[in-house]
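Here is a short report on how one protein chain packs. Keep the sequence and the model open as you read.

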Amino acid sequence: FILTPPPGSCETTGICDCCSDLDVCCFACWCFPCFTCSTMSTFGENFCLPLLDMIVAVRSRYGIQVNMTSDCMYATFCNTCSWCQIAREIKRRKQTLTIINGITVLCVTESLECQRDCG
């Protein structure tokens, strides 16, 4: 099963909260094309997805309240800040689910990264 926040939740960071995650901010400032590809890949989307579609996909997956007027304004005039906000949301909302049975501990993330036997 997949754990998701309740519908209607808000973003965990604002559009101008770049200092809350300097890794994301610096990556976006120094190599923006690589940053956008990395963000889309982390989210599991196509590399050709436009920014506004990416915003809608992130909001839909995580149940974030939609405000299309501000999303359109941010995507048009604050492109880099919008991408940084999306990257921070994806990073903060990735959830780890631990399933334990008598033999195996399985750590499951969206990308199914780790698995180890506790044998």
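The text below covers the fold, one helix pair, one pocket, one cavity and a few buried side chains.

**Overall fold**

This is a predicted model. The chain has 119 residues, and 34% of them are buried. Its secondary structure comes to five helices and three strands. The helices come before the strands in sequence, in the pattern α-α-α-α-α-β-β-β. Take the contacts in the chain with a separation of 6 or more: residues 24 or more positions apart account for 60% of them.

**Helix α1 against helix α2**

Start with a helix pair. Two packed helices are described by the angle between their axes and the distance between the axes. Helix α1 spans residues 22–30, and helix α2 spans residues 32–43. Their axes come within 5 Å and cross at roughly 130°. That crossing makes α1 oblique to α2.

Which residues meet here? From α1 come Val-24, Phe-27, Ala-28 and Trp-30, and from α2 come Phe-32, Cys-34, Phe-35 and Ser-38. This contact is made by seven nonpolar residues, one polar residue and no charged ones.

**Val-24 and the second largest pocket**

Val-24 lies in α1. Is Val-24 buried or exposed? Val-24 has a relative accessible area of 8%, so it is buried, the cut-off being under 20%. Beyond its sequence neighbours up to four places away, Val-24 touches Phe-35, Cys-84, Ala-87, Arg-88 and Lys-91. Val-24 and Phe-35 are 11 residues apart in sequence, and their C-alpha atoms are 8.3 Å apart in space.

Val-24 and Phe-35 also belong to the lining of the second largest pocket. That pocket has a volume of about 170 Å³. Others in its lining include Asp-23, Phe-27, Ser-38, Thr-39, Thr-42, Ala-87, Ile-90, Lys-91 and Lys-94. Helices α1, α2 and α5 (79–93) each supply at least two lining residues. Helix α2 gives the largest share, with four residues. By type, the lining holds five nonpolar, three polar and three charged residues.

**The cavity**

Now look for enclosed space. Rolling a probe the size of a water molecule over the atoms shows where empty space is left. How many cavities of 30 Å³ or more does the structure hold? It holds one. The largest cavity has a volume of about 110 Å³. Its lining is made up of Glu-11, Ile-15, Ile-55, Val-58, Arg-59, Ile-64, Asp-71, Tyr-74, Ser-82, Gln-85, Ile-86 and Glu-89. Helices α3 (51–62), α4 (68–77) and α5 are the elements that give two or more of these residues. Helix α5 provides the largest share, four residues. The lining divides into six nonpolar, two polar and four charged residues.

**Two residues of the cavity lining**

Gln-85 and Asp-71 both line this cavity. Gln-85 sits in helix α5. Gln-85 is buried, because its relative accessible area is 12% and the limit is under 20%. Outside its neighbours within four places in sequence, Gln-85 is in contact with Glu-11, Thr-13, Gly-14 and Ile-15. Two of these partners, Glu-11 and Ile-15, are in the cavity lining as well.

Asp-71 is found in helix α4. Its relative accessible area is 2%, and Asp-71 is therefore buried. Leaving aside neighbours within four places, Asp-71 is in contact with Leu-52, Ile-55 and Arg-59. Ile-55 and Arg-59 line the cavity too.

**Phe-43**

Phe-43 belongs to helix α2. At 3% relative accessibility, Phe-43 counts as buried. What does Phe-43 touch, not counting residues up to four places away in sequence? The partners are Met-54, Ala-57, Val-58, Arg-61, Tyr-62 and Ile-90. Phe-43 and Met-54 are 11 residues apart in sequence and 9.2 Å apart in space, C-alpha to C-alpha. Among these partners, Val-58 lines the largest cavity, while Ile-90 lines the second largest pocket.

**Buried residues side by side**

The table sets out the accessibility of the residues discussed above.

| Residue | Relative accessible area |
|---|---|
| Val-24 | 8% |
| Phe-43 | 3% |
| Asp-71 | 2% |
| Gln-85 | 12% |

Conventions
Residues are numbered from 1 along each chain as its sequence is written. This is a predicted model: local features need pLDDT of at least 70, side-chain atom pairs count only at pLDDT 80 or more; totals for chains, interfaces and linings use all residues. Side-chain values use heavy atoms; hydrogens and water are left out. Buried means under 20% relative accessible area, exposed over 50%, partly exposed in between (1.4 Å probe, protein chains only). Contact means heavy atoms within 4.5 Å. Axes are lines fitted to C-alpha atoms, for helices over the stretch in contact, and angles run from 0 to 180 degrees between N-to-C directions. Angles under 35 degrees count as roughly parallel, over 145 as roughly antiparallel, 65 to 115 as roughly perpendicular and the rest as oblique. Ala, Val, Leu, Ile, Met, Phe, Trp, Tyr, Cys and Pro count as nonpolar, Asp, Glu, Lys and Arg as charged, and the others, Gly among them, as polar. On a 1 Å grid over the protein atoms alone, a cavity is a set of points where a 1.4 Å probe fits but cannot get out, and a pocket is an open set with protein on both sides within 12 Å along at least five of seven lines; lining residues have an atom within 4 Å of a point. Grid points are joined across faces, edges and corners, and a volume is the space filled by probe spheres set on the points.
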